[in-house]
Amino acid sequence: MRIAIIGGTGVYDPRILSNVREETIDTPYGDAGLRIGEYRGEEIAFLARHGFGHTVPPHMINYKANIAALKMLGVERVIATSAVGSLNPDMPPGMFVFFDQFIDFAKSEVRTFFDGGEHGVVHLDYGEPYCPEIRGVLYEKARKLGIEAINGGCYVCTDGPRFETPAEIKMFETLGGDLVGMTSVPETVLAREAQLCYSSIAMITNWAAGISPTPLTHQEVVDIMEANGEKLRSLIMATIEDLPQERGCGCAAAGVDIPWLDEYKKTHWR
Ligand code: HPA
């Protein structure tokens with residue numbers, strides 16, 4: 001299985017897969033529940049980041065189990081979706097952004113598979129945290145489909161689950177952030193360690209706190225995501241169809257082997 005989709009808020013069923021089966025993947029970090037189906041004869045994994053009924057808040061997501069599960073299934077490329085607020089006047093609600101940088105303000109997660117001891121320590125390069133090859137295809141396909149999109153942008157990750165204060169948003173703007181969300185960074189960082197290509201389709205659902213003329217609600221985020229579900233699906237389908245078989249980027253080389261995942265698989269999977 002080469003490709004996985006991670007659905008964020010508002011994306012609980014990709015509705016592009018056939019012969020879908022539910023699987024619980026046993027990993028050293030706990031179980032990861034996902035769906036495996038086919039698209040154009042190819043097996044694809046779909047994981048709902050917040051659970052299939054949006055029951056898992058950002059700070060409770062088991063990112064390590066999720067990314068370990070995808071790695072153990074043999075996935076090489078991850079296309080994720082994320083709902084984001086915008087702090088950039090050139091990035092209005094409704095637009096898609098394929099961000100290329102992040103600033104990490106989420107501190108509740110330990111975002112490494114390498115905790116020292118027998119697993120050792122790694123310090124990896126994150127000069128290009130999001131796969132440029134997938135981003136390129138996403139952007140090209142978005143343009144062909146007439147979807148308003150920007151290739152590049154800086155994502156600021158917070159812990160959530162609360163929305164930000166206007167003062168925090170002002171600070172993020174000063175620091176060069178364009179978009180704000182609560183989940184993308186831990187996933188991106190672990191995916192890099194695991195040698196996966198990772199890219200995110202950010203759907204701007206609202207102006208960020210203090211810029212939005214109204215108080216923020218989770219419902220408006222979900223509503224905008226749902227209203228754009230069809231566009232998102234077409235974009236994912238077109239992108240999967242056009243990704244080259246072999247990876248031409250540096251994502252795999254930028255990560256490291258995690259040998260204990262293979263060992264666990266040998267001893268725990270039947
Ligand atoms: N802040 C944080 N996360 C979000 C937002 C926001 O404004 N919109 C969608 N996810």
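**Reading patches, rings and a helix**

Reply: Let's start at the surface, where E118, D257, D262 and E263 form a negative patch. This is a predicted model, so local features need pLDDT of at least 70 and side-chain atom pairs count only at pLDDT 80 or more, while totals for chains, interfaces and linings use all residues. Residues are numbered from 1 along each chain as its sequence is written, and side-chain values use heavy atoms, leaving out hydrogens and water.

Me: What makes a patch?

Reply: Patch residues have over 30% relative accessible area and no salt bridge; like charges are joined within 9 Å, and nonpolar side chains (Val, Leu, Ile, Met, Phe, Trp, Tyr) within 5 Å. A salt bridge puts a side-chain nitrogen of Lys or Arg within 4 Å of a carboxyl oxygen of Asp or Glu.

Me: Is D257 buried or exposed?

Reply: Buried means under 20% relative accessible area, exposed over 50%, and partly exposed in between (1.4 Å probe, protein chains only). D257 has 59%, so it is exposed. D257 sits in the loop between α7 (251-254) and α8 (259-268). Helices (H or I, at least four residues) and strands (E, at least two) are DSSP runs, numbered from the N terminus.

Me: How many aromatic pairs are there, and how do I read one?

Reply: A ring pair is described by the distance of the centres and the angle of the planes. Rings of Phe, Tyr and Trp (its six-membered ring) pair if their centres lie within 6.5 Å; planes under 30 degrees apart are stacked, over 60 edge-to-face, and the rest tilted. The whole structure holds 7 aromatic pairs. One of them is F102 with Y130, edge-to-face at 6.3 Å centre to centre and 85 degrees between the planes. That pair links distant parts of the chain, 28 residues apart: F102 is in strand β7 (residues 101-104) and Y130 in the loop between β7 and α2 (132-144). F102 counts as buried because its relative accessibility is 19%, and Y130 is buried at 0%.

Me: Which other ring pairs with Y130?

Reply: Y198 does: the centres are 6.3 Å apart and the planes at 45 degrees, so this pair is tilted. Y198 lies in strand β11 (residues 197-207), 68 residues from Y130. F99, F102, Y130, Y155 and Y198 form one aromatic cluster.

Me: Why is helix α4 described as largely enclosed?

Reply: Because 10 of the 10 residues of α4 (residues 184-193) are buried, the helix is largely enclosed by the rest of the structure. Among them are V185, L190 and R192. Just after α4, Q195 takes a positive phi of about 70 degrees.

Terms used. Accessible areas come from the Shrake-Rupley method with a 1.4 Å probe; for residues, only the protein chains shown count as cover. Lys and Arg count as positive and Asp and Glu as negative; His and the chain ends are not counted. The place of a charge is taken as NZ of Lys, CZ of Arg, CG of Asp or CD of Glu.
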